[in-house]
Amino acid sequence: MAFASGSGVRVAAVAETAFGVAPATPSFQTLRTTSGGLRTTKSTGTSNERQSDRNVRDEFELGQDVTGSYDFEFTYGTFDQILAALMCSSWVGDVLKNGITPQSLTIEETYELGAADAFRRFSGCMINTMSLSIGARAAVTGSFGIMGRMEALAEAIVTGATYADPSETPVSTASANVAGLAIGSITPAPKVRSLTLDISNNLRTRPVVGSKFSEEFGLGRFDVSGTMECYFENKTLYQACLDHGLADLTLQVGNAGGDKYQFDIDKLRLGDGNVTAGGNDDDIMVSVPFRGLLGAEDCTLKITREVA
């Protein structure tokens, strides 16, 4: 009997026709991930019946939910479908703005077992969070957090299913493939050592009587936040934090012209900044948390692809 190995896992996703309903003959897109996975979490209760022999009468099931995340190295053209689901919106041309239209996916994990593979299918999956991490002399990495309705096991693909190969675009690095990083209203432009971007839909389950599975998840506020760590060159950036100032953020990530994304937050509030002096062998750094706000384009975050 073969044992499954993590290196042989295939992760694929397809847009659903309705919440929890995959197409009859799904066209899966194979995703590029580095680690992570989904799992079913059960909620249970313990019987409180009194027993003269002091034993527990029963442990009963109350509900099931799917949760988990996938880590990735950032590559162009790999996650367009996932980004649209995260933003609750659709690409209009090459522009994606956060919106209010929920999108759900069926996500399938395939485990290579030799003669017969094992399949775990998670239906009613919605993208709850995304984090993006950009650090000097490192690959651009991130993670998608997912909530799903239910899991089903199988020993074969869905009849008629197809699987598109993953993209072959190179991994982006902060050293060579991040450009156009600008923090508006801060002059001169700060020198950034690291930047994190966190996006959340604040999804919530909707349990109902008569089912152990959630109905379509509720959408909370679209929340964009992050932190940038900058070298202390002058007082301008930290003064803007003390002033509870506003700024904007533009960032391009990609390896070649036409194969780049641009992230725009045209209105962000600078938070509780901190200057860290460190020791004799350290640089003085300014750590600046920020939160994205509703901007001039009626969105908090805009993503543009195929940037020159």
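Partly exposed describes a residue whose relative accessible area lies between the buried limit, under 20%, and the exposed limit, over 50%. Glu306 is partly exposed because its relative accessible area is 48%. The model on the screen is a predicted one, and the tour begins at this residue.

**Stop 1: residues with positive phi**

Select Glu306 in the segment after β18, the strand of residues 302-304. Its phi is positive, about 55°, although Glu306 is not a glycine. Most residues other than glycine have a negative phi.

Select next His244, in the loop that runs between α2 (236-242) and β14 (246-256). His244 is likewise not a glycine, and has a positive phi of about 55°. With a relative accessible area of 47%, His244 is partly exposed.

**Stop 2: a cis peptide bond**

Move to the loop between β11 and β12, where Pro188 lies. The peptide bond joining Thr187 and Pro188 is cis, with omega about -5°. Most peptide bonds are trans.

Keep Pro188 selected, for this residue also belongs to the lining of the largest cavity. The other lining residues include Ile186, Ala189 and Pro190, together with Tyr231, Phe232, Glu233 and Asn234. Thr236, Leu237 and Val286 are also part of this lining. The largest cavity holds about 80 Å³ of space. By class, its lining comprises eight nonpolar residues, two polar and one charged.

**Stop 3: the cysteines**

How many disulfides does a search of the whole structure find? The search finds zero. Select Cys230, which is in no disulfide: the nearest cysteine sulfur belongs to Cys241 and is 8.8 Å away. Cys241 is in no disulfide either, the sulfur of Cys230 being the nearest to it, at 8.8 Å. A disulfide requires two cysteine sulfur atoms within 2.5 Å, so a separation of 8.8 Å does not qualify.

Are these two cysteines buried or exposed? Cys230 counts as buried because its relative accessibility is 0%. Cys241, at 7% relative accessibility, also counts as buried.

**Stop 4: the nonpolar cores**

Nonpolar side chains tend to be buried together in soluble globular proteins. In this model the largest nonpolar core has 56 residues. Which of them have the most contacts inside the core? They are Leu83, Ile107, Phe263, Leu270, Leu301 and Ile303.

Centre the view on Phe263. Not counting residues up to four places away in sequence, Phe263 touches Phe74, Leu132, Leu249, Thr250, Leu251 and Val253, as well as Leu301, Lys302 and Ile303. Another core, of seven residues, lies apart from the largest one; among its members are Phe28, Ala154, Ala161 and Tyr163.

**Stop 5: the second largest cavity**

Select Ile107 again, since Ile107 is one of the residues lining the second largest cavity. Display with it Leu31, Thr33, Tyr70, Phe79, Ile82, Ile127, Phe144 and Ile146, which also line this cavity. About 60 Å³ of space lies inside. The lining has eight nonpolar residues, one polar and no charged. In total, the structure holds three cavities of 30 Å³ or more.

**Stop 6: the largest pocket**

Leu31 and Thr33 remain of use here: with Val9, Arg10 and Val11, they lie nearest the centre of the largest pocket, which is lined by 16 residues. The elements giving two or more residues to this lining are β1 (10-15), β3 (35-46) and β6. The largest share, three residues, comes from β3. The pocket encloses about 280 Å³, and its lining divides into six nonpolar, seven polar and three charged residues.

From Val9, step to Tyr111, in strand β6 (residues 105-111). Leaving aside neighbours within four places in sequence, Tyr111 is in contact with Val9, Ala4, Asp117, Ala118 and Arg120. A C-alpha to C-alpha distance of 9.3 Å separates Tyr111 from Phe3, although the two are 108 residues apart in sequence.

**Stop 7: the second largest pocket**

Finally, select Ile134, Ala174, Val178, Leu181 and Val192, which lie nearest the centre of the second largest pocket. Its volume is about 210 Å³, and its lining has 13 residues. Strands β7 (118-135), β11 (178-184) and β12 (192-200) each supply at least two of them. The largest share, four residues, is that of β12. The lining comprises eight nonpolar residues, three polar and two charged.

Terms used: Residues are numbered from 1 along each chain as its sequence is written. This is a predicted model: local features need pLDDT of at least 70, side-chain atom pairs count only at pLDDT 80 or more; totals for chains, interfaces and linings use all residues. Side-chain values use heavy atoms; hydrogens and water are left out. Buried means under 20% relative accessible area, exposed over 50%, partly exposed in between (1.4 Å probe, protein chains only). A nonpolar core is a set of buried Ala, Val, Leu, Ile, Met, Phe, Trp, Tyr and Cys residues joined through side-chain atoms within 4.5 Å. Contact means heavy atoms within 4.5 Å. On a 1 Å grid over the protein atoms alone, a cavity is a set of points where a 1.4 Å probe fits but cannot get out, and a pocket is an open set with protein on both sides within 12 Å along at least five of seven lines; lining residues have an atom within 4 Å of a point. Grid points are joined across faces, edges and corners, and a volume is the space filled by probe spheres set on the points. Ala, Val, Leu, Ile, Met, Phe, Trp, Tyr, Cys and Pro count as nonpolar, Asp, Glu, Lys and Arg as charged, and the others, Gly among them, as polar.
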